Amino acid sequence: MTKNNIEDMLASYDKNNLTIATVCSHSSLQIFNGAKKEKFKTLGIAVGEKRKFYDAFPLGRPDEFIMVDNYKEILSMTDELREKNTIVIPHGSFVEYLGPENFLKLNIPTFGNKDVLMWESDRNKERKWLEAAEITMPEEIKDPEKIDKPVIVKYHGAKGGKDFFIAKTYDEFLQRIKKGRSFTIQEFVMGTRYYLHYFYSPIQDDAYKLSKGSLQMISMDRRDETTIDEVQRLGSIQELEEIGIHPTFVVTGNIPIVMRESLLPKVFSMGEKVVEKSLELFGGIIGPFCLETVVTEDLEFKVFEISARIVAGTNPYVAGSPYSELIQPDLSTGRRIAQEIKYAAKQGLLQEILS
Ligand code: ATP
């Protein structure tokens, strides 16, 4: 959507009566809770019986629901949503359920810069962006015959690590690869995983300053992935592989974590470079984003993925994290999003943070 288009839509909006909406899944409890804390009206878009479980969490329950048979119906509800002065908050499931092409067509003011999707959803473009920002990524192995160390094979379009596998040799690769699916092979980085939750504001200067706006680091997590994270309870991976049991990487939850304080300058420097390059390439990665990293024994970060919106790893921190407590008590990423919208609405800058 062009800037003009957004400005036209916002022209009819009552800026003192905005509604924050999202799809009822992923990080929606946190998004609604944060919006309520900032005194916004909230609206949940839900399929089927999902609504019921929100009754158990009154402070994360949206004020109102719109029920749909499938998420694509949202595309035909844009008039109704705009009448309610709605701003939509995208999250991973929102984009996935709607489909990236439909998400790009969504004719409702949406938090963040939709143009990031083109750079994030294509692994080659993602690598181009991150390497241009001088971020170290795991080595990519283009020719499977050249596998001479542990690698991870990732299928394109697979969500949440589904069917990914580890191979140590070309033979192992041949045994496991599923025909007909496109894939990327990456060096398997040995180390500890940290998923870093940043927030970039192009309109506020009161944090880690960048060429335009400023950067915060709100929290970090480690994903709990089945079966890789628990498989050793049954025996060594080697033993299990011998009887045909292979570890998998399906995300089931998130674990709070903090990092050695001496590594934080590197964390900010990486975030800074990613944002500065994004400003150059496509007008900036606005709002929350996550760098998914492995820290090696030499204390080097290798970034294997970027998520360009709120990640579910922020969910352990509905009431703040050890880092966000140092910004403001009780600050979640969901609340930080609501604050950015509130500030922009007050200053007449909404068109700078929506697309
Ligand atoms: P999502 O979109 O949910 O982030 P995805 O399907 O794109 O997931 P990745 O995040 O790239 O998948 O990888 C899934 C998991 O595999 C990671 O959380 C991590 O545990 C492991 N992993 C990925 N890349 C590497 C790597 N190069 N070295 C070691 N482990 C890795």
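These legends walk you through several close-up views of a predicted model.

**View 1. The ligand and the residues around it.**
Let us start where the ligand sits. It has 21 residues around it, and K154, V189, Y195, E225 and E305 come nearest. The residues of this shell divide into 9 nonpolar, 3 polar and 9 charged.

**View 2. Polar contacts to the ligand.**
Which atoms of R123, Q186 and E187 reach towards the ligand? R123 places a polar side-chain atom 3.3 Å from a ligand oxygen atom. Q186 also uses a polar side-chain atom, which lies 2.9 Å from a nitrogen atom of the ligand. For E187, a backbone N or O atom is found 3.0 Å from a nitrogen atom of the ligand. On its own the ligand has 620 Å² of accessible area, and the protein covers 94% of this. Several strands give two or more residues to the shell: strand 5 (151-155), strand 7 (183-187), strand 8 (192-201), strand 10 (214-227) and strand 13 (301-307).

**View 3. An open sheet of three strands.**
Here you can follow 3 strands that form an open sheet in the order 6-5-7, paired antiparallel. Strand 6 (165-167) and strand 7 are the edges: each has a single partner strand, so one side of each has no neighbour in the sheet. From one strand to the next, the twist averages 30°. As a reminder, strands of a sheet pair through backbone hydrogen bonds, either parallel or antiparallel. Strand 5 and strand 7 run antiparallel and are joined by 5 bridges. One place to look is V151, whose bridge partner in strand 7 is E187. You have met E187 already, as the residue with a backbone N or O atom 3.0 Å from a ligand nitrogen atom.

**View 4. Strand 12 and its partners.**
Is strand 12 (residues 287-295) mostly covered or mostly open? It is mostly covered, with 9 of its 9 residues buried. Strand 8 runs antiparallel to strand 12, and 9 bridges join the two. Within this pairing, Y194 stands opposite T293 of strand 12. Strand 12 also pairs with strand 13 in the antiparallel sense, over 6 bridges. There, E292 stands opposite E305 in strand 13, and E305 is among the residues that come nearest to the ligand. When you trace these strands, it helps to remember that in a regular strand the side chains alternate between the two faces of the sheet.

**View 5. The hairpin of strand 12 and strand 13.**
Between strand 12 and strand 13 of this hairpin there are 5 residues. Look for L299 in the hairpin, which takes a positive phi near 60°.

**View 6. Backbone angles worth a second look.**
Most residues other than glycine have a negative phi, and most peptide bonds are trans. Which residue follows T226 across a cis peptide bond? T227 does, and omega of this bond is near 5°. T227 belongs to strand 10, one of the elements that give two or more residues to the shell around the ligand. N85 is not a glycine, and its phi is positive, near 55°. You will find N85 in the loop between helix 4 (78-83) and strand 4 (86-88), where it is buried at a relative accessible area of 8%. D163, also not a glycine, has a positive phi of about 70°. D163 lies in the loop between strand 5 and strand 6 and is partly exposed, at 26% relative accessibility.

**View 7. Two loop residues, I243 and D55.**
I243 is part of the loop between helix 10 (237-242) and strand 11 (249-256). Is I243 buried or exposed? Its relative accessibility is 62%, so I243 counts as exposed. I243 and Y54 are 189 residues apart along the chain, and 43 Å separates their C-alpha atoms. D55 sits in the loop between helix 3 (51-54) and strand 3 (64-68). With a relative accessible area of 48%, D55 is partly exposed. D55 and I74 are 19 residues apart in sequence, and in space they are 23 Å apart from C-alpha to C-alpha.

Definitions and conventions: Residues numbered from 1 in each chain as written. Predicted model: local features only at pLDDT ≥ 70, side-chain atom pairs only at ≥ 80, totals over all residues. Heavy atoms only, no water. Near = heavy atom within 4 Å. Polar contact = N/O pair within 3.5 Å; in protein donor to acceptor, adjacent residues only side chain to side chain. Areas by Shrake-Rupley, 256 points an atom, 1.4 Å probe, with all protein chains shown as cover. Helix = DSSP H or I, 4+ residues; strand = E, 2+ residues; numbered from the N terminus. Nonpolar A, V, L, I, M, F, W, Y, C, P; charged D, E, K, R; others polar. Pairing = 2+ DSSP bridges. Axes fitted to C-alpha atoms, helices over the stretch in contact; angles between N-to-C directions. Buried < 20%, exposed > 50% of the residue type's maximum accessible area, 1.4 Å probe, protein only.
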